[in-house]
Amino acid sequence: MASAREDTSDLGLSYPRNKLKILLLEGIHENAVKHLARAGYTAVTRLPHALSGEELRDALSKAHVIGIRSRTQLTAEVLAEARRLFAIGCFCIGTNQVDLSAAAKLGIPVFNAPHSNTRSVAELVIAELVMLFRGLGDKNTATHEGRWTKSASGSYELRGKTLGIVGYGHIGSQVSILAEAMGLRVLYYDVEPKLAMGNARPTRTLAELLEVADAVTLHVPEDPSTRGLFDAARIAQLKPGARLINASRGSVVDLDALAAAIREGKVGGAAVDVYPKEPRSKDEPFVSPLQGLPNVVLTPHIGGSTLEAQENIGVEVADKLVAYSDYGSSLGAVNFPNISLTPHLGAANRLLHVHENRPGVLGAINRVLGDEDVNILGQHLQTNAELGFVVADVDQGHSSDLLERLRAVPGTIRCRILY
Ligand code: NAI
């Protein structure tokens, strides 16, 4: 496989960065271009739209690095023809537009920006808490329609209420900090032990949290443990009149059950940003059992959609691409063994060896290095189910055919030397 691809062995600190061709599609934020330029990568083409078919294949045949958002489909077939490509940046959260396994088999890491919009989601949740405790959604609609619904009935301050956070990761813990600043008491439940922010307290079980929380906000990932987590039975465990917020993933809440609980007055309101079935474009209609219900705030999956998040994404992904290209750090790659590296010292060369995860490869690499009498200054190995990634810092006294000998190691997918 490696032999069919362009020799990119000299891509690295000695390679003129301004010759590395970077193609950015789908109107990626100009921050990314600025950030790449600051690191010396100036051969950047930025297009406002997605590419597909022949156009995509043609553009990819010249690119060393590609940046996309959600619309460009990087299938196994497309990737197989991208002979120069050595890294992919998804300037968004999702990566299912890329055939991750095919990219891995070609030794191409895929990077994304999972946390650039954390703050945007957390702020939306705080706004929704205020909306749900003051009935702002309904009052706004009524006032627009010419009805004057001035009343304190059903309106509450957030101060002193108890917020239950389910999933205390990046977003959940940010919500925790902001909520405490608003005077809420914060409880959280996570399947893993998490450091409490401020005065927040963990609960041992989810039931314990649901029993006392005046509002519950969900910040769990989509996985088998969270699919249908808030079904009819769980919704029935909420404190009577509690508000529910879901800005995580649509599969986490059974919306029919939630709609029924709201109609029966058991749940006092809900804010929902994500749905089991979401329109693919503005032209498709949106349908939900929650439409038209009282004190229900519906938003079209915009929790993370702010201009600041777009700017942050530009920098976060560009940073990861530069770190991989400059010194081989694969930290944050979603399909590739993660090794966090700092730039190697001037006295050293860095070998990057990507191989199929099978027994004996590390031994074979070290035998080659031993035969060459190369002095290993530092070495890292990381594997995932498919791949192994070895990084070795070596002194500079090696022969010119070291790279070829390493490429001949059975199972090798790619090998680069950074000078
Ligand atoms: P994260 O990975 O940092 O945190 C998730 C937390 O949930 C982890 O602490 C994990 O241990 C915990 N967890 C996992 N399974 C659990 C379970 N069954 N019960 C309780 N806790 C569980 O993720 P992050 O960045 O905080 O994102 C959270 C969610 O927000 C994700 O589903 C993500 O897709 C979604 N999201 C939605 C956006 C929007 O536009 N509405 C934008 C960004 C993220």
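This is a dialogue about a sheet and a ligand site in a predicted model.

Modeller: In this predicted model, local features need pLDDT of at least 70 and side-chain atom pairs pLDDT 80 or more, while totals for chains, interfaces and linings use all residues. Residues are numbered from 1 along each chain as its sequence is written, and side-chain values use heavy atoms, with hydrogens and water left out.

Biologist: What makes β9 and β10 a pair?

Modeller: Strands are DSSP runs of E with at least two residues, and helices are runs of H or I with at least four, numbered from the N terminus. Two strands pair if DSSP finds at least two bridges between them. β9 (residues 215-218) and β10 have four, in the parallel sense, so they meet that definition. Val-216 has Leu-244 of β10 as its bridge partner.

Biologist: What joins β10 to β11?

Modeller: Four bridges again, with β11 (residues 269-272) running parallel to β10. Here Ile-245 is opposite Ala-271.

Biologist: Why are β8 and β12 called edges?

Modeller: The open sheet has seven strands, ordered β8-β7-β6-β9-β10-β11-β12, with parallel pairing. β8 (201-202) and β12 (296-298) each have a single partner strand, so one side of each lacks a neighbour in the sheet. For β8, the pairing with β7 (residues 185-189) rests on two bridges, and Leu-187 stands opposite Arg-201.

Biologist: What makes the unit of β10, helix α10 and β11 right-handed?

Modeller: With the strands pointing away from the viewer, the path from the first strand over the helix to the second must run clockwise. The β-α-β unit with α10 (residues 255-263) is assigned right-handed, so its path runs clockwise in that view.

Biologist: Which way do the residues of β10 point, and are they buried or exposed?

Modeller: Arg-243 and Ile-245 point one way, Leu-244 and Asn-246 the other, and all are buried (under 20% relative accessible area; exposed is over 50%, partly exposed in between, with a 1.4 Å probe and protein chains only). In a regular strand the side chains alternate between the two faces of the sheet.

Biologist: How do you know that Asp-273 makes a polar contact with the ligand?

Modeller: A polar contact is a pair of N or O atoms within 3.5 Å. A ligand nitrogen is 2.9 Å from an N or O atom in the Asp-273 side chain, so the pair qualifies. Ligand oxygen atoms also lie 2.8 Å from a polar backbone atom of Ile-171 and 2.7 Å from one of Val-220. The protein buries 87% of the 870 Å² that the ligand exposes when taken alone (Shrake-Rupley method, 1.4 Å probe).

Definitions and conventions
Polar contact = N/O pair within 3.5 Å; in protein donor to acceptor, adjacent residues only side chain to side chain.
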